[in-house]
Amino acid sequence: VQLQASGGGLVQPGGSLRLSCAASGSIFGINAMGWYRQAPGKQRELVATITSGNRNYAESVKGRSTISRDNAKNAVYLQMNSLKPEDTAVYYCNAKIVRIGLDYQNNYWGQGTQVTVSS
């Protein structure tokens, strides 16, 4: 199972970005999916998560970001608006996946995509 993230880049303050992440491999089902970020010198922190019925956001991005998923594509997205310099970080997608033939979930991470907010 692999997670492939994309969509990062350089954006000016106040701008927008949409991050995408798709899971592939021997997937039976995906429970929660989400996005985390890690800024230089800081610990990795939760940005947003989504399950079948709930969305959860960090206070720092609430109201500026929207997480969504496409179950048919095993994908999760993060739309970020009104970006601030403090949003600068490497963003990692995460998924709790049940592989075919197994009856428990494992935790998977994407490779990370850099988001830089700067003028």
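A compact globule of 119 residues would have a radius of gyration near 14 Å, and the protein chain has 14 Å, so the two agree. Keep in mind that this is a predicted model. Along the principal axes, the C-alpha atoms fill a box of roughly 50 × 25 × 25 Å. As for burial, 41% of the 119 residues count as buried.

Next, the secondary structure. The protein chain has 11 strands and zero helices. Read along the sequence, the pattern is therefore just β-β-β-β-β-β-β-β-β-β-β. Take the contacts between residues at least 6 apart in sequence: 56% of them join residues at least 24 apart.

I will spend most of my time on one strand, β9, which covers residues 89-99. Is β9 mostly covered or mostly open? Mostly covered: eight of its 11 residues are buried.

Which strands pair with β9? One of them is β4, residues 27-38, which pairs with β9 in the antiparallel sense over nine bridges. At one position of that pairing, Q38 stands opposite V90. Another is β10, residues 105-109, which runs antiparallel to β9 and is joined to it by five bridges. There, A95 of β9 has Y108 as its bridge partner. Then there is β11, residues 113-117, antiparallel to β9 over three bridges. In that case Y91 is matched with T113.

A word on the turn. The hairpin of β9 and β10 has five residues between the strands, and in this hairpin G101 takes a positive phi near 90°.

While we are on strands, a general point. In a regular strand, side chains alternate between the two faces of the sheet.

Now the core. Nonpolar side chains in soluble globular proteins tend to be buried together. Here the largest nonpolar core has 31 residues, and W35, L78 and Y91 have the most contacts inside it. The elements that give two or more residues to this core are β1 (2-6), β3 (17-24), β4, β5 (45-50), β8 (75-80), β9 and β11. Which element gives the most? That is β9, with five residues. Y91 thus comes up twice in this talk: as the bridge partner of T113 in β11, and among the residues with the most contacts in the core.

On to the aromatic rings. A pair of aromatic rings is described by the distance of the centres and the angle of the planes. How many aromatic pairs does the structure hold? One. Y36 and W109 form it, with 5.1 Å from centre to centre and 70° between the planes, which makes it edge-to-face. The pair links distant parts of the chain, since Y36 is in β4 and W109 is in β10, 73 residues apart.

Are these two residues buried or exposed? Y36 has a relative accessible area of 17%, and the cut-off for buried is under 20%, so Y36 is buried. W109 has 37%, which lies between 20% and 50%, so W109 counts as partly exposed.

Last, two arginines that sit over rings. R18 lies over the face of Y77, at 4.2 Å from the ring centre. R44 lies over the face of Y92, at 3.7 Å from the ring centre.

To go back to the main strand: β9 pairs with β4 over nine bridges, with β10 over five and with β11 over three. It also gives the most residues to the largest nonpolar core. That is all I have.

Methods
Residues numbered from 1 in each chain as written. Predicted model: local features only at pLDDT ≥ 70, side-chain atom pairs only at ≥ 80, totals over all residues. Heavy atoms only, no water. Buried < 20%, exposed > 50% of the residue type's maximum accessible area, 1.4 Å probe, protein only. Helix = DSSP H or I, 4+ residues; strand = E, 2+ residues; numbered from the N terminus. Pairing = 2+ DSSP bridges. Core = buried A, V, L, I, M, F, W, Y, C linked by side-chain atoms within 4.5 Å. Phe/Tyr/Trp six-rings, centres within 6.5 Å; stacked < 30°, edge-to-face > 60°. Lys NZ or Arg CZ within 6 Å of the ring centre and 35° of its normal. Rg over C-alpha atoms; globule rule 2.2 N^0.38 Å. Contact = heavy atoms within 4.5 Å.
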